[in-house]
Structure formats: C-alpha cells, structure tokens
Amino acid sequence: MSTTQIKAVHARRVWDSRGRPTLETEIRLEDGSSARAIAPAGASRGSREAIDLRDGGKRLGGFDVGSAISAVNGPIAAALKGLNADDQDAVDQVLLALDPSPTKSQLGGNALIATSMAAAHAAAAATGEPLYRRLARLHQQAPVIPIPEIQIFGGGAHAGRRIDIQDLMVVARSARSVAQALEMTAEVYIAAGRIMAERGPLAGVADEGGFWPAFATNEEALQTLLKSIEQAGYVPGDEVAISLDIAASEFGSKGRYRLGLESRDIDSDAMIELLGRWLERFPICSIEDPLAEDDVQGMQRFTKAWGSRVQVVGDDFIVTQAGLIDAAHAQGACNTALIKPNQAGTLTETRAAFEAARRHQWDTIVSARSGETEDTTICDLAIGWGARQIKVGSIARGERTAKWNALIRAEEALGADAWAGGQWLPISTRNA
C-alpha cells in the first residue's frame, strides 16, 4: 500500500473575508499525513469560469455551501479513497469525471478546487516539504519569488462601485526582494491614507483591503494614487509603477460601456481612447481586462495599440482556460494571463492554462479573489511554477497578509537569487 494513498476526505464549512461561508477540504493519507485547503470566491466573475455551488434561499443570504460540502463528503470522498494523492492528474481526472459540466455546475467549482488543492498539500506533507518545493521539483522549475501587485484603492464590484475601476494597484519595480517590495508598498499605503484623511472621513476598506474612498472621477483616483507614490518618496514609474484592473465586463457589454461614476455611455473606440489617455499620462505597467469579455475586436485593437508598452492582462476574457488563452493569442488579444485556480476548478486545469500562456511567451500573474481566507496555496503555485507576478489584494487584512507573509518566509528559505525582480516590467508612459 502506498503511503500517499488517500484514506479519508472531509469537507467543512468555514468563513471567508466577506463574512460568507466557504468550504475547506481536508485529506488524510494512509501514512497519517493530512492537509487542507479552502476555496476562495470572487465577486467580479467571468461568465465562463467555474461556479461556486451555493444553496440559495434566504438563509445566510443564499451563500451557504451545504450542497458543495455534501458533494465532497459523498461522491467525491468515495471516489478518491484509495487513490494516490501524489498523482495530481489522477485525482483531478476523477473530480472532472464526477462533474464534467463546463462550469463545474453539478458539484461546484468550490468543491472541486478545495479538494484538488488539499490533495496537492497532502502529497507535499507526506514528503515533509513545502508544496512550492514539491511543485518546482515535479516540473523541473527553479522556484521564483514573484513580484507583488498590491491594491491601494478598491472600486468596482469590490467597493460598492464608488469608482468604475476595480483595482488601483502599485508594483515596486525597483525592489530587490519581496520583503522590500512590501515595505515600499506599505509606505505608499500609509501616504494614501494620509491624503484621504485630509479629504474627509474614509468609508473603510474595500473587499481586498484597499481604501474605499469617494472620488469625483476615475481619473481623480489615478491622480491620487500617483500623488501617494510621490509622497511616499518614490519616483513614479522608475521605482513604483501603477497597475490597473479595469474589470470592464462589470460595466460593459456588446461594445458599450457605462461609466457610472461619470454618468456617461461610451463605445469601444471611446473606451480605448480613454484608457490610452491614462496610459500616456500615468506610469502604468499593467492593465487588466481593459475591455469586456465579449468585446473581442475591442481587445484586439487595444492590444495592437498598447501591447508593446504595457501588459494587457486577460482575466474575464480567458478565465484560466488553456483553450481561451490559445484563442486570445490567435486573435492578437492580451499578452499576459491572470491565473486563478478557482476559475479553472482543478489544479491540473490551472496548470494547463499556465503552460498555454508560457507556450505563447505570455507572462503570468497568479491571483487571489475578493473572498479569501488564510489559505496560502496561490503562493505555493506562483513560487513552484515560476510565475514572476502575484496579485493578492492590499497590504491590509489578515487574509491578504497571510499570503504576503508566506512569501517572506519562502524568500528567506530560497535566498535572494529566487527573486523575480520588476525592472523588466514595461511602463506605458514614454517619458517614465
């Protein structure tokens, strides 16, 4: 009998950072090793990503996960018993056979991803090594400590749509370690807090820990972020760059975009023109989902215009699916992939999307969701797979700092040579 043979699988209800239920899967092996993982959840979601299976009704706002837990404790547990946890492909193929629906709607993407991640952690626990080391060894990949994109202001679906832009983030391009990158970001966060306090009472923090301020326009938010970088003592663009998640699918459809903050409707060409002005005026290194997921021609035009000067990141547009990444590359849309395990549903599918991006010489950003917990699996994936970038949220709130702190520990273990750095990142402004 293999020591990594799965003896028991159990799911329980736990809670995420938005006060909503989610599920944790725990897997115990024959050798006594055990590990667990928790499914995250997104507020801004692509229409083609794996869905969270929720119970509906009035109880807990309809967000309870009893049905997903029953799926894990019933058919999933029965099917996985006796399998080897160190064969991730075999584990995930069993999960996919149990729920072959395109969006994991039968058993739930949340049930599948929590179980898939728990199996990976259990296999690592059996060897006594961190998951990131095991993944690096399996894929013959040198571990990489990714540079973080860190939210300062939240908007869109994560902050009551106070502004249309969903994430206004910073990237410490000049940092020489993840520890220094976090210190630099903290200085920008503190400066932003001072600026906002001078403007009046703050509304609090957004879902991902960034400030939840009221701005008159989207551009005012960008100007304030630039001012925060400067007041923190850094050179915008050279030392600290801006990264944006537009999340255009949240306010755009069929080539039309509703800018609620500014009470106006624009078409794709006007949207591209607006974003182009921001890219010319502000030191932006990355812009995510600049057009809606159904605006293929708009994404093509935007990538053609700006792809040589900025990362054009696909999120809702590709939803961590290898086939959609292949299609986007063939279309000339996007040049960077956001990788979210719960969009795919299993780690095997997530890895396939990651490999598709690499095959097309795209860069990758491993990403958390707006509904998170203390689970740090995405850090292991980013390090072990060699992703150069990671997006977790802000530098506030425990579900975010758990991941930043995991990166600090891994960096100490791996040494300075593992640091991805950030000087290679492009900057949109020609004079930056």
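This tour proceeds from a central strand to a pair of helices and then to several loop residues. The model is predicted.

**First stop: strand β6**

Select residues 241-245, which form strand β6. Five of the five residues in β6 are buried, so the strand is largely enclosed by the rest of the structure. Display the side chains and compare the two faces of the strand. A241, S243 and D245 point one way from β6, while I242 and L244 point the other way. The residues on both faces are buried.

Next, add residues 167-171, which make up strand β5. How do β5 and β6 pair, and over how many bridges? The pairing is antiparallel and extends over five bridges. To find one position in this pairing, select L168, which stands opposite L244 of β6.

Now add residues 284-288, the strand β10. This strand runs parallel to β6, and four bridges join the two. Select S243 together with S286, its bridge partner in β10.

**Second stop: helices α1 and α2**

Hide the strands and select residues 66-80 for helix α1 and residues 88-98 for helix α2. Two packed helices are described by the angle between their axes and the distance between the axes. Here the axes come within 10 Å and cross at roughly 140°. This angle makes α1 oblique to α2. The crossing of α1 past α2 is right-handed.

Which residues make the contact? On the side of α1, select P75, I76, A79 and L80; on the side of α2, select V91, V94, L95 and L98. These contact residues comprise eight nonpolar, no polar and no charged ones.

**Third stop: the loop between α2 and α3**

Proceed to K104, which is found in the loop between α2 and α3. Is K104 buried or exposed? Its relative accessibility is 4%, and K104 therefore counts as buried. The backbone deserves inspection as well: phi of K104 is near 55°, a positive value in a residue other than glycine.

**Fourth stop: helix α4**

Select residues 131-138 to show helix α4. Its buried residues are L131, Y132, R134, L135 and A136. To see what covers them, display the surrounding helices, including α3 (109-127), α12 (377-385) and α13 (398-414).

**Final stop: the loop between α4 and β4**

Select H139, placed in the loop between α4 and β4 (147-154). With a relative accessible area of 30%, H139 is partly exposed. Which residues does H139 touch, not counting residues up to four places away in sequence? They are R351 and W385. Select G384 as well: the C-alpha atoms of H139 and G384 are separated by 8.2 Å, although these residues lie 245 residues apart along the chain.

End with Q140, which is also placed in the loop between α4 and β4. Phi of Q140 is near 50°, a positive value in a residue other than glycine. Is Q140 buried or exposed? At 77% relative accessibility, Q140 counts as exposed.

Terms used. Residues are numbered from 1 along each chain as its sequence is written. This is a predicted model: local features need pLDDT of at least 70, side-chain atom pairs count only at pLDDT 80 or more; totals for chains, interfaces and linings use all residues. Side-chain values use heavy atoms; hydrogens and water are left out. Buried means under 20% relative accessible area, exposed over 50%, partly exposed in between (1.4 Å probe, protein chains only). Two strands pair if DSSP finds at least two bridges between them. Axes are lines fitted to C-alpha atoms, for helices over the stretch in contact, and angles run from 0 to 180 degrees between N-to-C directions. Angles under 35 degrees count as roughly parallel, over 145 as roughly antiparallel, 65 to 115 as roughly perpendicular and the rest as oblique. A crossing is left-handed if the near helix is turned anticlockwise from the far one by less than a right angle, and right-handed if clockwise. Contact means heavy atoms within 4.5 Å. Ala, Val, Leu, Ile, Met, Phe, Trp, Tyr, Cys and Pro count as nonpolar, Asp, Glu, Lys and Arg as charged, and the others, Gly among them, as polar.
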